[in-house]
Amino acid sequence: MALPNLVLIAVFTYRPLLSNMYYSTLDWTLGSPTATVVGLDNYVTFFSSNDAPKVLGTTAVFTLVTVGGSMVLGLLVALALNAKVRGTTFARSAVFAPYVLSGVGVGLVWLFIFDPGYGVLAWLLRGLGQQSPQWINDPQLSLVMVILVYVWKNLGYCAVVYLAGLQSLPKEVMEAASLDGANGFRRFMAISLPLLSPTTFFLLITTMLSSLQAFDLIRIMTPLGSGTSTLIYEAYLQAFGAYNRAGYSAAISVVLFAILLVITVLQLRFVERKVHYS
Amino acid sequence: MTSLSPVNPDPAAPAVPGPAPEPGRDRPLSRRNLIQTLVGGYLPLLIATLVVFLPPLWMVLSSFKQSGEIVTTDLKILPESLNLDNYRTAMTTVPFAQFFLNSTIVTLAGATIKVILAILTAYALVFVRFPFRNFIFVLILVALMVPPQVSILPNFILIAGIGGKNTLWGIILPGLGTAFGTFLLRQHFRTLPNSILESAEMDGAGHWRRLWQIVVPVSVPSIATVALVTIVTEWNDYIWPLIITDRPETMTLPVGLTLLQNSESNAAGWGVLMAGAVLVIVPILIIFAALQRYIVAGLTQGSVTG
């Protein structure tokens, strides 16, 4: 009874990993009936061209800033949600909502907000006597824009996971600390934060994996890439954009997969050792 | 993190905006306590909620605005009337009704099959003895870590090769294998008490009857969680339908929205695009509002157990 599912996973999840490795050794235009075996040429081309530093750098900036941003802001929102006031249940659902919404829809809404001519942001900047920058045309600014929207969409996930962590902290320890006269900030830094380390580690891994796979927002907000070409987006553009370079795209996918694999293995090793504060 | 020391000289009381005041420690109606609750409790909540709500609200408001209300440097917050022209334009520029139908079919068919496959696989992994059971579970766990994005090129070549381009089955098929649902249901099935199954076994009930008459009925919340998370991800799925369809007849909503974006590229088109975004976002927002408990639990699964 498990067989249909296993066959599907084998064909559509495992087989592509091997196929990618094979395609990555080909000089092959997508749709063309012929391909030439070129060995590791695609990798050599990628790593010796300007592409590698640019794409790897963009991926690193995008991943580090989105992971850091959504975790720090998520923790702050979780602290706000942990307050014993009315309305926290509603607020918790509200901040989580963007996480489940279509990236394409969300991307379009924000693209309108960032519109240099008629967007809300341009209007606010005009009020301050400033001109709106050209968010989409400038490579650096388009990366900033996509990062901001990605954090907006994903911080609710971090907030809800951190909230669950905060609510499972042992009450006795927190009370003992406050009787000792530790103030809120010190208590948070010295006790809550270290006790939250398993949650932090879990979030670090899961958000890093999803940031490395981010596609929808990047595709809809910057259809041509350039400043926002992360590994996954570059692999897409190379195969399905203007060039149809299937072999080259497969090589980039293999590089991305290797990075994801390293993170996953690190995670498994750390989980074994249990990053715990006891 | 700012300390609220001016209003909070007592070191024993929390100074961080977030954490709640310890119950029984504060006099409930003192002025200091009131300010602290407002500033430390409600203000951050209000800010967080507004930051989340304003962009979707802006989307809905703008979807009713005429192009003259959008192409202006003088920002108008409310539309002059609840004008549905943008929705009409969106539906006639591209076949939105068709996209909606395609998305519904892909989501319902895909989610139904995935949930059934997940139930069957999880049952087998927990209650049926067969060789390499643990090894197969590890293979499924590892599949959970493989992102669908790195598989798109090989899957495109395979599906296009067997005639699945621009077909609904071509959109559905590659995503049917389910590691997430299997994993989540397996974790749940393992918590079921053995006694209920043993008595059924003594009554001579086979695996099939035990599954549908005992295991499934007592696992409805977990199955609902898997179903809802699957529905949300199928509805929003973008990269695969984008690649495997290039004709409007078989596009799903997110892909159709991209098509609309290409044809409404001037500033006057923002109202139409916002109407399109409403049609994509609102169905999931309604499902989320009604059943958020299951969806949040399903999507954050694993965080508490590590």
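Visitor: Which helices do the buried residues of H9(A) pack against?
Guide: This is a predicted model, so keep that in mind as we look around. The packing here stays inside chain A, where the buried residues of H9(A) have two helical partners: helix H7 (139-167) and helix H8 (171-179).

Visitor: And which residues of helix H9 of chain A are buried?
Guide: Helix H9 covers residues 184-195 of chain A. To count as buried, a residue needs 20 or more other C-beta atoms within 10 Å of its own. In H9(A), the ones that make it are Gly184(A), Arg187(A), Phe188(A) and Ser192(A).

Visitor: Why do we say that the buried residues of H9(A) line one face of the helix?
Guide: Here's a handy bit of background: an α-helix has 3.6 residues a turn, so residues three or four places apart point the same way. Now look down the axis of H9(A): its buried residues line one face because they fall within an arc of 95°.

Visitor: Which exposed residues sit on the face of H9(A) turned away from its buried side?
Guide: Exposed means that 12 or fewer other C-beta atoms lie within 10 Å. On the face turned away from the buried side of H9(A), the exposed residues are Ala190(A) and Pro194(A).

Visitor: Stepping back, how much of chain A counts as buried?
Guide: Chain A is built with 13 helices and two strands. Its C-alpha atoms fill a box of roughly 75 × 60 × 40 Å along the principal axes. Of its 278 residues, the share that counts as buried is 48%.

Visitor: How many residues of chain B are in contact with chain A?
Guide: The contact involves 76 residues on the chain A side. On the chain B side, the count is 81.

Visitor: Which helix of chain A gives the most to the side that touches chain B?
Guide: The side of chain A that touches chain B divides into 51 nonpolar, 22 polar and three charged residues. The top contributor gives 13 residues and spans residues 3-23 of chain A: helix H1.

Visitor: Over in chain B, are H1(B) and H14(B) parallel or oblique to each other?
Guide: Helix H1 (residues 31-63) and helix H14 (residues 270-299) of chain B have axes 8 Å apart and pack at an angle of about 125°. Angles from 65 to 115 degrees count as roughly perpendicular and those over 145 as roughly antiparallel. That makes H1(B) and H14(B) oblique.

Visitor: How many residues of the contact of H1(B) with H14(B) are nonpolar?
Guide: H1(B) passes H14(B) in a left-handed crossing. Among the residues making the contact are Met59(B) and Val60(B) of H1(B), and Met274(B) and Ile281(B) of H14(B). Three residues of the contact are polar and no charged ones take part, while the nonpolar count is nine.

Conventions:
Residues numbered from 1 in each chain as written. Chains lettered and ligands numbered in written order. Predicted model: local features only at pLDDT ≥ 70, side-chain atom pairs only at ≥ 80, totals over all residues. Contact = placed C-beta atoms within 7 Å. Helix = DSSP H or I, 4+ residues; strand = E, 2+ residues; numbered from the N terminus. Nonpolar A, V, L, I, M, F, W, Y, C, P; charged D, E, K, R; others polar. Arc of directions from axis to C-beta. Axes fitted to C-alpha atoms, helices over the stretch in contact; angles between N-to-C directions. Parallel < 35°, antiparallel > 145°, perpendicular 65-115°, else oblique. Left-handed = near helix turned anticlockwise from the far one by under 90°.
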